[in-house]
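Hi everyone, thanks for making time for this one. I'll put the structure up and then walk you through it.

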Amino acid sequence: FHVTVPVATFDLRKVELTPLEQRKLTFDSHAMVTELQSSGLEKRQAELVVSALVTLTTANMDIVYRDMVTRSHQEIAVQQIMAHLDSIRKDMVILEKSEFANLRSENSV
């Protein structure tokens, strides 16, 4: 059971981190079917079990890869946040200077 919580962010971009062909789990499905058959399942039952396993594994891997980030993408996000913070700092300095100038003009009158 996987619950996701929306996160408030700015400048959110959808980026495919890993190509689809690299996001595959590889295993010998025929060997798995054979193993299940040797345990007493009929061929069709064994194939259905393996098919369900592949479907579930693929869905889980999609969830995992959706939440992953590469180091370069993380560094880009940090740089964007730092630039945003610098902008806020500049706005605060301008606001402080303007308030100080207003107080000075009020006191001089």
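Let's begin with burial: of the 109 residues in the protein chain, 7% count as buried. Please keep in mind that this is a predicted model. The protein chain exposes about 9,700 Å², and carbon and sulfur atoms supply 59% of that area.

Now the secondary structure. The protein chain has three helices and zero strands, and along the sequence the pattern reads α-α-α. As for how the chain meets itself, take the contacts between residues at least 6 apart in sequence: 61% of them join residues at least 24 apart.

Let's look at helix H2, residues 43-67. Its 25 residues should span 36 Å at 1.5 Å a residue, and the end C-alpha atoms of H2 are 37 Å apart, so expectation and model agree. Which residues of H2 are buried? They are Ala-46, Val-50, Thr-57 and Met-61. Helix H1, residues 29-38, is included in what covers them.

On to charges. How many salt bridges does a search of the whole structure find? The answer is two, and I'll take them in turn.

One is in H2, where Arg-44 pairs with Glu-47, with the closest N and O atoms 3.8 Å apart. Those atoms fall within the 4 Å cut-off, which is why the pair counts. The two residues sit three apart in helix H2, so about one helical turn separates Arg-44 from Glu-47. Arg-44 is exposed, at 53% relative accessibility, whereas Glu-47 is partly exposed, at 31%.

The other joins Arg-89 to Asp-86, and here the closest N and O atoms are 2.7 Å apart. This pair belongs to helix H3, residues 71-108, and again the partners are three residues apart, which means about one helical turn between them. Both ends are partly exposed: Arg-89 has 45% relative accessibility, and Asp-86 has a relative accessible area of 37%.

Last stop, a nonpolar patch on the surface. Val-78, Ile-81, Met-82, Leu-85, Ile-88 and Met-92 together make a patch of about 480 Å². Let me pick out Ile-88, which is found in helix H3. Is Ile-88 buried or partly exposed? With a relative accessible area of 36%, Ile-88 is partly exposed. Patch residues need over 30% relative accessible area, so Ile-88 clears that cut-off.

That's my tour, and I'm happy to go back to any part of it.

Methods
Residues are numbered from 1 along each chain as its sequence is written. This is a predicted model: local features need pLDDT of at least 70, side-chain atom pairs count only at pLDDT 80 or more; totals for chains, interfaces and linings use all residues. Side-chain values use heavy atoms; hydrogens and water are left out. A salt bridge is a side-chain nitrogen of Lys or Arg within 4 Å of a carboxyl oxygen of Asp or Glu. Helices (H or I, at least four residues) and strands (E, at least two) are DSSP runs, numbered from the N terminus. Buried means under 20% relative accessible area, exposed over 50%, partly exposed in between (1.4 Å probe, protein chains only). The expected span of a helix is 1.5 Å times one less than its number of residues. Contact means heavy atoms within 4.5 Å. Patches are made of residues with over 30% relative accessible area and no salt bridge: like charges are joined within 9 Å, nonpolar side chains (Val, Leu, Ile, Met, Phe, Trp, Tyr) within 5 Å. Accessible areas come from the Shrake-Rupley method with a 1.4 Å probe; for residues, only the protein chains shown count as cover.
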